[in-house]
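Me: Could you walk me through one part of this structure in detail? I work at the bench, so please explain each term as it comes up.

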Amino acid sequence: MSTILDKATVAVKPELCKGCGLCIVACPVDVLSFHEHFNTKGYHYAMYMGDGCTGCGICYYACPEPEAIVVWKKGARVPEGFQVREYEASGVLPLEEAEA
Ligand code: SF4
Ligand code: SF4
């Protein structure tokens, strides 16, 4: 089963982030910031503040780390019960993306 997102959202994988801040600077609506915690490599990783992402994708293209950021546009099809926080923690791509 899958569901359709009613608004755009974005996720940063903490362990893939090098804390460069490029996505934070690039976001035109300022909805990304550094997390207060460090990842296991010692970087303050970027995080979504939870509201206001437009799905523009600029952060994705600004990030030098492959797969550190994933953006879902409004209307994207995601697994039933999909939660961004769980996605960030799992390190596993949603089913539809894994099969693409
Ligand atoms: S997709 Fe656009 S609005 Fe959303 S966090 Fe990235 S840069 Fe900001
Ligand atoms: S641009 Fe990528 S590596 Fe740099 S802070 Fe953002 S998510 Fe992390």
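The close look I would like is at Leu32 in strand β3 and what lies around it.

Reply: Happy to. This is a predicted model: local features need pLDDT of at least 70 and side-chain atom pairs count only at pLDDT 80 or more, while totals for chains, interfaces and linings use all residues. Residues are numbered from 1 along each chain as its sequence is written, chains are lettered from A, and ligands are numbered from 1 in the order in which they are written.

Let's place the strand before zooming in. The protein chain has 4 helices and 6 strands; these are DSSP runs numbered from the N terminus, with at least four residues for helices (H or I) and at least two for strands (E). Along the sequence they follow the pattern β-β-α-β-β-α-β-β-α-α. Strand β3 covers 32–38, and Leu32 lies in it.

Leu32 counts as buried because it has 23 C-beta neighbours inside 10 Å. For that label, 20 or more other C-beta atoms must lie within 10 Å of the residue's own; 12 or fewer makes it exposed, anything in between partly exposed, and C-beta atoms are placed from the backbone. Buried residues make up 19% of the 100 residues in the protein chain.

Just ahead of the strand, the picture changes. Asp30 sits in the loop between α1 (22–26) and β3, and it counts as exposed because it has 10 C-beta neighbours inside 10 Å. Its phi is near 55 degrees, a positive value in a residue other than glycine. Most residues other than glycine have a negative phi.

What does Leu32 touch? Leaving aside neighbours within four places in sequence, its contacts are Cys23, Ile24, Cys27, Ala46, Met47, Tyr48, Met49 and Cys59. A contact here means C-beta atoms, placed from the backbone, within 7 Å. One of these partners, Tyr48, is 16 residues away in sequence, yet the two C-alpha atoms are 4.7 Å apart.

The strand pairing helps to place that partner. β3 and β4 (44–48) run antiparallel and are joined by 4 bridges; strands pair if DSSP finds at least two bridges between them. Phe34 stands opposite Ala46 in β4. The two strands form a hairpin with 5 residues between them, and Gly42 in the turn has a positive phi of about 90 degrees.

Leu32 also belongs to the largest nonpolar core, which has 16 residues. Such a core is a set of buried Ala, Val, Leu, Ile, Met, Phe, Trp, Tyr and Cys residues joined through C-beta atoms within 7 Å. Leu32 is among the residues with the most contacts inside the core, along with Val12, Cys23, Ala46, Tyr48, Cys59 and Ile69. Two elements, β2 (9–12) and β4, give two or more residues to it, and β4 gives the most, with 4 residues.

Finally, some contact partners of Leu32 turn up beside the ligands. Of the 15 residues around ligand 2, the nearest include Cys23 and Ala46, where being near means a C-beta atom, placed from the backbone, within 6 Å. Around ligand 1 there are 14 residues, with Cys27 and Cys59 among the closest.

Conventions:
Two residues are in contact if their C-beta atoms, placed from the backbone, lie within 7 Å.
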